[in-house]
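Colleague: I am new to this structure and would like to learn how to read its features. Could you take me through them one at a time?

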Amino acid sequence: MKKIILLCTFWAYSVGIFAQSIVIDEIIATVGNHIVTRSDLEYAIQAYKYSSGYYTMDLEEETICSIVEQLLFQKMLLHQAELDSVVVTDQQVNDRLDYNIRLQVMRMGGDAKKLEEYYGKTIAEIKSESRDQVREDFLAEEVQRTLTSNLNIAVQEVKDYFNKIPNDSLPIIPTEYEMSHIVKTPIISESEKIAIKERLENYRSRILRGENFSTFARMYSEDPGSASKGGDIGFTSRGELYAPFETAAYGLKPGEISSVVETEAGFHIIKMLERRGEDIHVAHILIKPKPSAEALVEAKQYLDSVYQLIVENNMPFDSAARLFSDNPDKVNGGKMVNPYSSTYAFSNEHLKEYDKSILYAIENIGEGKFTRPMAVINEAGNQAYHIVLLNKKREAHKADFVLDYEKIKNAALEDKKQKTLMKWVKNKVKYTHIKIKEDFDSCDFQKEWGLKTE
C-alpha cells in the first residue's frame, strides 16, 4: 500500500482553480459526515498533474488509488476535527491564501498576469474559490499536529532508518546554495506619487461626469488580471484584499467610486458594483508608481559604494547587511530564506523560480565570494539592487549519513509520524462510518482501511 502523505495538501491550493473544466457528479465515498465526490477526485488528479508536471499524461491506477486514499485520509482528519471542535481563524486562512498566491506567482517568474492567464481567473477569484479548501487543510493539519507533535527521534532510530535504504536507492541530493544579500530598493519620489494621484483624481472626475469606468480601466489600469475586464475583480470576502483597499471598498454603496487609495500594489480608485452580505463585487483602476531613472541610478550607485566599502575595508558582509540593506532580513545579517522550504538552502530549481539572475551570478563564484550589485525583480514585479554572497555551495551527491544528517533525520521523523498516523487510522476505521463505491474495489488500501464498499 502506498503511504499516506502527511499533509494532504498537494492539491489543496488548486481545488477550485480547475473547476471550469470539471462537472460535479456523484458521491464516491463517505467518511463520517464528510463526503468525497467524483469532482473532488478530478480536482485532486488535475492538481497532482500540475504539481508533478504530468499535465496531459494519464495516471496509472495505483496513483489514482493513492490520491483517493489521501482524500479519504483528509476527510478522516476533518471528521476528527469536528469531534474535537477544532477552530481555525479567518486570519489564518487569509494568511495561507496570501502565501499560496505569492508562491504561485513566484513559480510563474514573479508575473501575476501569467498566473491569472494560466488559470483563466483573477487572483481574487482564485483566492475566493480556494478559501473553503484552505480552511479544511488547516483543520486537517491541526489534527495531524496534535497526533504527532510530541514525537521525537533518537540518533539510533535515524541510523536504522538510513541503513534500511539500499545503496542503489539512496536519493541524490541536488546542488544547494546558502546565500546572504544586501538590498537597496529605488526610492519612489513624492512627485511621482502626487502625479499618479492627480491622474486618478482626473479619471474619477471624468467618470463622475458620465464617462465609462470600464473604458478607463481597460485603457489605463496596470492590473494585468483585471484591466482587460474593465477593472472587474469579481466577488471577494473580507481579508482577501489589501487592508486600505478593503476599508475604502466596504464603505461604498453600489455605483459609488472611492477617492484615491494607496496600497502596497500602488494607487487605486474603486467602484462598487454589487454587495451580497459581507461579499463585495468591485472594479478598480490601478496605477503603480515607478522609480525614476535617476532613482535607479542612485540605488545602483549606493550599492556600488557599499561594495567598495566591503572590499577595501574588509568589512564583514553580515555587518554591512545590517547597516546598509533595506530588506527585513538584514536583522539576520542578510541571510536569504528559501520561500519554498523556509530554510537557508536553495536548489537550482528554487533559484530559477526565485530569480534566475541570482543563480547565473553565483553558480561560478567560490564560497565566501560575492557579486557586484545587480538588478533583481521581486515577486511584486518591482526592481531592486542586490549584492549576493555565496556562503556555502554543496554539489549534488548521493545522500550521506554525516553530510546530510539533518535531511535524513527529518525523513526518518516523517516516517515515524507516518506510521503513527497509520496506527491511528486503523483504529479510527473501527468506529467511523466509511463507505466507498465499488469502482475502487481493486485499490489495495481497502484491506488496510477495512472499508465497506457499496
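**Salt bridges, burial and backbone**

Modeller: Start with a pair of side chains: D304 and K300 meet in a salt bridge, with 3.3 Å from N to O. Keep in mind throughout that this is a predicted model.

Colleague: Where do D304 and K300 lie, and how many residues apart are they?

Modeller: Both are in helix 10, four residues apart, which is about one turn of the helix. As for cover, D304 is partly exposed at 26% relative accessibility, and K300 is partly exposed at 28%.

Colleague: What counts as a salt bridge here?

Modeller: The test is a side-chain nitrogen of Lys or Arg within 4 Å of a carboxyl oxygen of Asp or Glu. By this rule the count comes to 19 salt bridges.

Colleague: Which side chain meets D415 in a salt bridge?

Modeller: The partner is K419, at 3.2 Å from N to O. D415 and K419 are four residues apart in helix 13 (residues 405-428), so about one helical turn separates them. Their cover can be read from the relative accessible area, where under 20% is buried and over 50% is exposed. D415 has 12%, so it is buried, while K419, at 48%, is partly exposed. Salt bridges can also share partners: E176, E178, R394 and K407 are joined into one network in this way.

Colleague: Which parts of the chain does the salt bridge between E222 and K290 tie together?

Modeller: The side chains of E222 and K290 meet at 3.0 Å, N to O. E222 is in the loop between helix 8 and strand 5, and K290 is in the loop between strand 8 (279-287) and helix 10 (293-313), so this pair ties together parts that are 68 residues apart in sequence. Both residues are partly exposed: E222 has a relative accessible area of 27%, and K290 has 44%.

Colleague: How should I read a charged residue without a salt bridge?

Modeller: Look at its cover and at the nearest side chain of opposite charge. D223 is buried and has no salt bridge; K288, the nearest side chain of opposite charge, is 6.8 Å away. D223 is in the loop between helix 8 (213-220) and strand 5 (232-236).

Colleague: Which residues is D223 in contact with, leaving aside its neighbours within four places in sequence?

Modeller: With those neighbours set aside, the contacts of D223 are E116, I233, H284 and L286.

Colleague: Which residues gather in a patch of negative charge on the surface?

Modeller: The patch of negative charge is made of E60, E61, E62 and D444. Take E61 as a member to look up: it lies in helix 2 (residues 61-83), and its relative accessibility of 48% makes it partly exposed.

Colleague: What should I look for in the backbone?

Modeller: One thing to check is the sign of phi. S85 has a positive phi of about 55 degrees although it is not a glycine. S85 is in the loop between helix 2 and helix 3 (90-107), and it is exposed, with a relative accessible area of 57%.

Colleague: What is the phi of N314, and where does N314 lie?

Modeller: N314 is not a glycine, yet it has a positive phi of about 55 degrees. N314 lies in the loop between helix 10 and helix 11 (317-324). With a relative accessible area of 68%, N314 is exposed.

Colleague: How do I read a separation in space beside a separation along the chain?

Modeller: Put the two values side by side. I194 and P289 are 95 residues apart along the chain, and their C-alpha atoms are separated by 9.7 Å. I194 belongs to helix 7 (residues 190-208) and is partly exposed, at 44% relative accessible area.

Colleague: How many helices and strands are there in the protein chain?

Modeller: The protein chain has 14 helices and 14 strands. Of its 454 residues, 45% are buried. The chain exposes about 23,300 Å², with carbon and sulfur atoms supplying 50% of that area.

Colleague: And the contacts over the whole chain?

Modeller: Among contacts with a separation of 6 or more, residues 24 or more positions apart account for 67%.

Definitions and conventions: Residues numbered from 1 in each chain as written. Predicted model: local features only at pLDDT ≥ 70, side-chain atom pairs only at ≥ 80, totals over all residues. Heavy atoms only, no water. Patch = residues over 30% accessible without salt bridge, like charges linked within 9 Å, V, L, I, M, F, W, Y side chains within 5 Å. Areas by Shrake-Rupley, 256 points an atom, 1.4 Å probe, with all protein chains shown as cover. Lys, Arg positive; Asp, Glu negative; His and termini not counted. Charge placed at Lys NZ, Arg CZ, Asp CG, Glu CD. Helix = DSSP H or I, 4+ residues; strand = E, 2+ residues; numbered from the N terminus. Buried < 20%, exposed > 50% of the residue type's maximum accessible area, 1.4 Å probe, protein only. Contact = heavy atoms within 4.5 Å.
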